[in-house]
Amino acid sequence: MGHRKERKNGYAVKRSDYDSHGDYPLNESETENSPCPVTKRCGGCQWMGMDYQEQLREKEKRVRKLLAPYCGLEGIVGMEQPLYYRNKVHAVFGEDRRHRPISGIYEERTHRIVPVDSCRIENQKADAIIVSVRELLPSFKIRPYNEDTGFGLLRHVLVRMGQASGQILVVLVLASPILPSKNNFVKALLKRHPEITTIVVNVNNRNTSMVLGDREQVIYGKGYIEDTLCGKIFRISPRSFYQVNPLQTELLYAKAMEYAALTGRETVLDAYCGTGTIGIIASERAGQVMGVELNADAVRDARVNAKINQVGNIRFYQNDAGRFLLDMEAQGARVDVVLMDPPRGGSSEEFLSAVARMAPERVVYISCNPETLARDLKYLTAHGYGAERGLVVDMFPFTEHVEVACCLQRKDS
Ligand code: SAH
């Protein structure tokens, strides 16, 4: 392949540069430090334009400061290639003044659409699929939905990719259930992107800021994709939760497993377990695992994931994590290791106090919000635990967000 240059969104593209998927060029002139044309109107990347190494230093510094009273840090793990990492990409569809279809993102805090064809942190193939959907619309006489008039059909497109599997799920979110010339539309999209493995129509006819509605019809393939994380297979359907940066997620979970130091005999609780990823990964080194999760859809996905991986020593419970632990305590049950990955708000005192009373040997806390992590570490370190080590993982380059894994050990053990 020669060094043919193409223009793409005003950037020169050299065909010989490829990203980790092997088939999309990195923009030659586009480095981690170059500006993004829509960064102000989008608001997604607070740190766009900041040198990546500087971002890492700043993130580590902030987390260190917050956790200093409770826990030391091993450092921060950044990405070697911090661009185009998101494997879940969403675009909203609309029309410009001349009724031509546009796709992109909502302007921050408004419902105006900022046209975006390629985003610096989104998977490039996913972005290209969204552009293709848009380009196909006129020949199929499909109009984007207009939020003000309620006229039109296509509201959103969501693309989810399996990093390891290469499988691709495309979700077309429509305002009403019928996609005209459905079969020909599928054919035309597959002709442009034969790598798409499944296409789902999702119907969202409500006036809501939620992207996905309740009704779904699979129009091509199985309706879901699968991906591999830490050697286990996970099913990703349109609505299921899956980390957006699987490369970094693997590092985070591997560190969590190191901290858990399982020998194969332990009873492990995976609290706030979502679709069961952490518990399933832990299951081969544990005696038995219990996963607890509030969201019923996630619990259903978790059970499917356990089955796919033929894990026989894990059970999932749909419950509030705090209530579940109180029930366990009341029954006199024992837990050796708690793995917890709560949402941004952190855990509850009910949960943490039950942990302290049940006194598992170790608690591995995975957090997406260092502030609530600090609050919860304060509680646990005042109630019988020492926070030994922690690691910051940069899961979301160019944004101010991070993930942190933290290892707590019972003091009297
Ligand atoms: N470890 C999971 C993701 C955790 S995200 C994974 O890798 O898939 C946090 C999860 O906590 C979400 O799935 C959310 O539904 C769940 N959650 C929120 N509040 C909860 C509560 N009070 N009790 C149990 N689960 C809760």
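This section describes helix H8, the ligand site and two loop residues with positive phi in a predicted model.

Helix H8 spans residues 321-330, and its buried residues are Ala-321, Gly-322, Phe-324, Leu-325 and Met-328. Viewed down the axis of H8, these buried residues fall within an arc of 165°, so they line one face of the helix. An α-helix has 3.6 residues a turn, so residues three or four places apart point the same way. On the other side of H8, Arg-323 and Ala-330 are exposed. The cover over the buried residues of H8 includes three strands, E13 (267-271), E14 (288-293) and E15 (314-318), together with helix H9 (349-358).

Both ends of the helix show local features. At the start of H8, a side-chain oxygen of Asp-320 reaches to within 3.0 Å of the backbone nitrogen of Gly-322, a residue that is itself among the buried positions of the helix. Just after H8, Gly-332 adopts a positive phi of about 75°.

Asp-320 also takes part in the ligand site, where a polar atom of its side chain lies 2.7 Å from a nitrogen atom of the ligand. Asp-341 makes a further polar contact, with an N or O atom of its side chain 2.8 Å from a ligand nitrogen atom. The backbone contributes as well: a polar backbone atom of Leu-294 is 3.2 Å from a nitrogen atom of the ligand. Taken alone, the ligand exposes 580 Å², of which the protein buries 83%. The ligand is surrounded by 16 residues, and those that come nearest are Tyr-253, Thr-277, Glu-293, Asp-320 and Asp-341. By class, this shell comprises eight nonpolar, five polar and three charged residues.

Two residues other than glycine have positive phi values. Lys-141, with a phi of about 55°, is placed in the loop between helix H3 (124-136) and strand E7 (154-161). Its relative accessible area is 73%, so Lys-141 is classed as exposed. Cys-230 has a phi near 50° and is found in the loop between strand E11 (225-229) and strand E12 (232-236). Cys-230 has a relative accessibility of 25% and therefore counts as partly exposed, since the buried class is confined to values under 20% and the exposed class to values over 50%.

Key:
Residues are numbered from 1 along each chain as its sequence is written. This is a predicted model: local features need pLDDT of at least 70, side-chain atom pairs count only at pLDDT 80 or more; totals for chains, interfaces and linings use all residues. Side-chain values use heavy atoms; hydrogens and water are left out. Buried means under 20% relative accessible area, exposed over 50%, partly exposed in between (1.4 Å probe, protein chains only). Helices (H or I, at least four residues) and strands (E, at least two) are DSSP runs, numbered from the N terminus. The arc is that of the directions from the helix axis to the C-beta atoms. Contact means heavy atoms within 4.5 Å. A polar contact is a pair of N or O atoms within 3.5 Å; within protein, one must be able to donate a hydrogen and the other to accept it, and residues adjacent in sequence count only if both atoms are side-chain atoms. A residue is near a molecule or strand if one of its heavy atoms lies within 4 Å of it. Accessible areas come from the Shrake-Rupley method with a 1.4 Å probe; for residues, only the protein chains shown count as cover. Ala, Val, Leu, Ile, Met, Phe, Trp, Tyr, Cys and Pro count as nonpolar, Asp, Glu, Lys and Arg as charged, and the others, Gly among them, as polar.
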